[in-house]
Amino acid sequence: MSKVDNFRLKFANDNKEYVPIMIGGMGVDISTSELALTAARLGGIGHISDSLITDVSDRKFDTTFVSDKRKQFRGSLNSPDKSLIQFNMIDIREATKLHIGKTMEAKKGDGLVFVNCMEKLTMNNTRDTLKERLNSALDYGIDGITLSAGLHLNSFAMMQENKRFHDAKLGIIVSSVRALRPFLQRAKRSNRMPDYIVVEGPLAGGHLGFGLDDWNQYRLQDIFIEVLNYLKEQHLEIPVIPAGGIFTGTDAANYLTDGAGAVQVATRFTVTEECGLPDKVKQEYFRAEEDDVEVNTTSPTGYPMRMLSYSPSIGGKMKPNCESLGYLLENGTCSYVEAYEKAKNASPDGKTFEVFEKTCLCTHMQLYQCYTCGHYVYRLKDTTNRLPDGTYQILTAEHVFKDYQFSTDNQILKPQLS
Ligand SMILES: Cc1cc2nc3c(=O)[nH]c(=O)nc-3n(C[C@H](O)[C@H](O)[C@H](O)COP(=O)(O)O)c2cc1C
């Protein structure tokens, strides 16, 4: 009987073997250090995320990066022009030192901890901020970096001078051969191929690499095979890691049998103790029905995003908060700032309005009000016990990890009643 534990993940230039389960990055601090460290302890790979890293540092380590930045740029609080707002590179470095450095100090076991780096966080100065994010992550000891959403063709070149450029594992997330091809061509120039390629299909959580109108015409299985074939043609041996809708250990084992190096999974871990979502929000994930799951364009990144239709982030009227956060600012603006201004100006009193077009993603992610999820979120209720008070029993990350690793026949092992 096929099960994940029959397989191991191997990277080029590394003799070690890993349990082929990678927990995907879930910003903002939804995939916490505790979640990633559990995967590493069990011999697999976990991700933390560097999204809103200054805010994560403030919450975890009592720093004051966010309020200091807000004070510094308060001049634009009431203006749609956010061009003066800039991140301080020393703050990014210090926050990375705390978030990544402390996670790596705590790591035990044979697995690895990677950081998910969403390149679409343009931070009003993509080049300098991205360079700082990538290099500080390497400097503070991360095992690997997964580049996602908005792949920047220059990212490898930005790390080329770093002494860990060849020692840390570097991977990318793509949703097509079309996106993969130019990246590999560029990587050649840096004399360095990625160590792994995550192929994310249309059923994943977070942002999607497909159009709003055509995402449901794609299938992970097809894209995965296309990528495998492309790499073969190019004589490249790079582990390919499918992601998006892999819900049972058997789903995962089938991909491994077909040639995957590992699988990347996330949604099933959103309802674990170690996940950063507040318990109340975990219950919102459990209670989801299939009809509650939607893909919409409210994210200011321009990418479609999957979320629960009852996410408080939809149709809010949060005042833009770029002075504090501003991770999606590009050329002094963000499409939420524009949508907010438009809705405000169209309202007769300038007060009574809602912004449906876009959402203030930084703030709503910071407050865990954007319930982004994989398509199969509605099956989470089948993975646990319903308690007498009507709520669902929260799982442990170890339980879910081991269920992926050892289960067979599409079975899902429920936890013992607590
Ligand atoms: C709550 C949540 C947040 C996510 N955030 C990110 C993110 O910040 N960056 C990213 O590259 N992928 C993100 N993802 C995608 C996952 O890392 C993963 O690739 C995908 O969800 C796997 O599919 P599954 O959830 O069906 O297992 C997120 C997924 C979820 C469920």
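## Strands that pair

Two strands count as paired here if DSSP finds at least two bridges between them. With that in hand, let us walk through this structure, which is a predicted model.

Strand 10 and strand 11 (residues 305-308) meet that condition, being joined in the antiparallel sense by four bridges. Within this pair, V293 stands opposite L308 of strand 11. Both strands belong to an open sheet of three strands, whose order is 7-11-10 and whose pairing is antiparallel. At the edges of this sheet are strand 7 (206-207) and strand 10 (293-296), each of which pairs on one side only.

## Strand 2 and its partner

Next comes strand 2 (residues 45-49). Five of its five residues are buried, so strand 2 is largely enclosed by the rest of the structure. In a regular strand, side chains alternate between the two faces of the sheet. Here, I45, H47 and S49 point one way from strand 2, while G46 and I48 point the other way.

Strand 2 is joined to strand 3 (residues 112-118) by five bridges, and the two run parallel. If you would like one pair to look for, S49 has N116 of strand 3 as its bridge partner.

## Strand 8, covered on both faces

Strand 8 (residues 240-243) also has both faces covered. V240 and P242 lie on one side, I241 and A243 lie on the other, and all of them are buried. Strand 8 pairs with strand 6 (residues 196-200) in the parallel sense, over four bridges. One pair to find here is I197 with its bridge partner in strand 8, V240.

## Helix 1 and its surroundings

Helix 1 (residues 33-41) has seven buried residues out of nine, so it is largely enclosed by the rest of the structure. The buried ones are S33, L35, A36, L37, T38, A39 and A40. They pack against several elements, including strand 1 (21-23), strand 2, helix 4 (89-106) and helix 13 (397-406). Strand 3, the partner of strand 2, is also among the elements that the buried residues of helix 1 pack against.

Just after helix 1, G43 has a positive phi of about 90°. The loop between strand 1 and helix 1 contains V28. The peptide bond that leads from G27 to V28 is cis, with omega near 0°.

## Around the ligand

Now for the ligand, which has 30 residues around it. Among these, G24, S148, G205, G206 and G374 come nearest. Strand 3 and strand 9 (263-265) are the elements that give two or more residues to this shell. By kind, the residues of the shell divide into 13 nonpolar, 16 polar and one charged.

## Two residues with positive phi

Two residues that are not glycine are worth a visit. N13, in the segment before strand 1, has a positive phi of about 60°. N13 is exposed, because a residue with 12 or fewer other C-beta atoms within 10 Å counts as exposed and N13 has 8.

H235 sits in the loop between helix 8 (220-233) and strand 8, and its phi is also positive, at about 55°. Is H235 buried or exposed? With 6 C-beta neighbours inside 10 Å, H235 counts as exposed.

Key
Residues are numbered from 1 along each chain as its sequence is written. This is a predicted model: local features need pLDDT of at least 70, side-chain atom pairs count only at pLDDT 80 or more; totals for chains, interfaces and linings use all residues. A residue is buried if 20 or more other C-beta atoms lie within 10 Å of its own, exposed if 12 or fewer, and partly exposed in between; C-beta atoms are placed from the backbone. A residue is near a molecule or strand if its C-beta atom, placed from the backbone, lies within 6 Å of it. Ala, Val, Leu, Ile, Met, Phe, Trp, Tyr, Cys and Pro count as nonpolar, Asp, Glu, Lys and Arg as charged, and the others, Gly among them, as polar. Two residues are in contact if their C-beta atoms, placed from the backbone, lie within 7 Å.
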